[in-house]
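Colleague: I have just opened this model and would like some help reading it. Could you take my questions one at a time?

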Amino acid sequence: MSNDKTTVGPGRRFSAFRRVAELGPSLALFLAVACFWEAAVRLFDIPGYLLPAPSAIAGKMYAVRGMLLENLISTMTAAVLGFAIGTAFAVLLAVLFLYSRIAERALFPWAITLKTIPILAIAPLLTIWLGFGLAPKVAIAAIVCFFPTLVNAAKGFRTIDRQSLEFLTIIGASRSQTFRHARLYAALPYIFAAAKISSSMAVIGAIVAEFTGANLGIGTVIVTAGYQQDSAMLFSAIVVSSIATILMFYLVVAVEKLCLFWPEATADV
């Protein structure tokens, strides 16, 4: 037992060190940009209403941290719900397209049409129809997540290799068994590739919905700060929403690693 512990411990420490090393370049670049930004603002005496220094933004974030957190929770709740609803509906529709060419020919043009409509045109309508609460934000987030997931899932369900399909046919596998044991696994990398994109789009969609009318959310903070010409507040809202979006992205990545446990599926699609 002691030998096992001595071999596992260094391996885990090396893995953690490797992850930190992988983040090193991006962190170094971030710090370099922040230092250059801070120095430029101070050196050229740029007014705060034009471009606040990173230190001023950090101070503003700390001063209004409670308000930012409350609004961020509202935005991220809508984004997560919209992401889940849009992804689930897109996957279900992709399954329908797999087994019904008629449904695909009838419905896919409507999906394309929905994709081409600007979100800023849909958001006011949904606010009128659904009110100023959570519902329109969830709807917008679901809409922006829907199309990329639909396209990837529909393609993924059809990427099963011919040999696997022939083998399942020979052994008499039913359509549902073929789907569960082959098509679903073939589609998962495509679905997660879309999910990593749409997770960020869901946050953007929720914020855009808040621009057109909402009682709470990062979008309302941005609109109010814009009217007041409070640049520090604007940057504070952008920073916290960006951090939350990055965390949501890496949450999808973590779930992908749990679901795609076979080695050949770990490559990027």
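Colleague: Which residues form the nonpolar patch on the surface with about 460 Å² of accessible area together?

Modeller: This is a predicted model, where local features need pLDDT of at least 70 and side-chain atom pairs count only at pLDDT 80 or more, while totals for chains, interfaces and linings use all residues. Residues are numbered from 1 along each chain as its sequence is written, and side-chain values use heavy atoms, leaving out hydrogens and water. A patch takes residues with over 30% relative accessible area and no salt bridge (a side-chain nitrogen of Lys or Arg within 4 Å of a carboxyl oxygen of Asp or Glu), joining like charges within 9 Å and nonpolar side chains (Val, Leu, Ile, Met, Phe, Trp, Tyr) within 5 Å; areas come from the Shrake-Rupley method with a 1.4 Å probe, and for residues only the protein chains shown count as cover. The members here are Leu 125, Ile 128, Trp 129 and Leu 130.

Colleague: Is Trp 129 buried or exposed?

Modeller: Trp 129 sits in helix H5, residues 119-130; helices (H or I, at least four residues) and strands (E, at least two) are DSSP runs, numbered from the N terminus. Buried means under 20% relative accessible area, exposed over 50%, and partly exposed in between (1.4 Å probe, protein chains only). Because its relative accessibility is 61%, Trp 129 counts as exposed.

Colleague: Why do the buried residues of H5 line one face of the helix?

Modeller: An α-helix has 3.6 residues a turn, so residues three or four places apart point the same way. In H5, the buried ones are Ile 122, Ala 123, Leu 126 and Thr 127. They line one face because, seen down the axis (using directions from the helix axis to the C-beta atoms), they fall within an arc of 140 degrees.

Colleague: Which helices are included in what covers the buried residues of H5?

Modeller: Ile 128 and Trp 129 are exposed on the other side of H5. For the covered side we look at contacts, meaning heavy atoms within 4.5 Å. The cover includes helix H4 (101-116), helix H6 (135-157) and helix H8 (175-211).

Colleague: Which residues does Gly 219 touch, not counting residues up to four places away in sequence?

Modeller: Gly 219 lies in helix H9, residues 218-228. Its relative accessibility is 0%, so Gly 219 counts as buried. The residues touching Gly 219, beyond those up to four places away in sequence, are Thr 75, Ile 207, Glu 210 and Phe 211.
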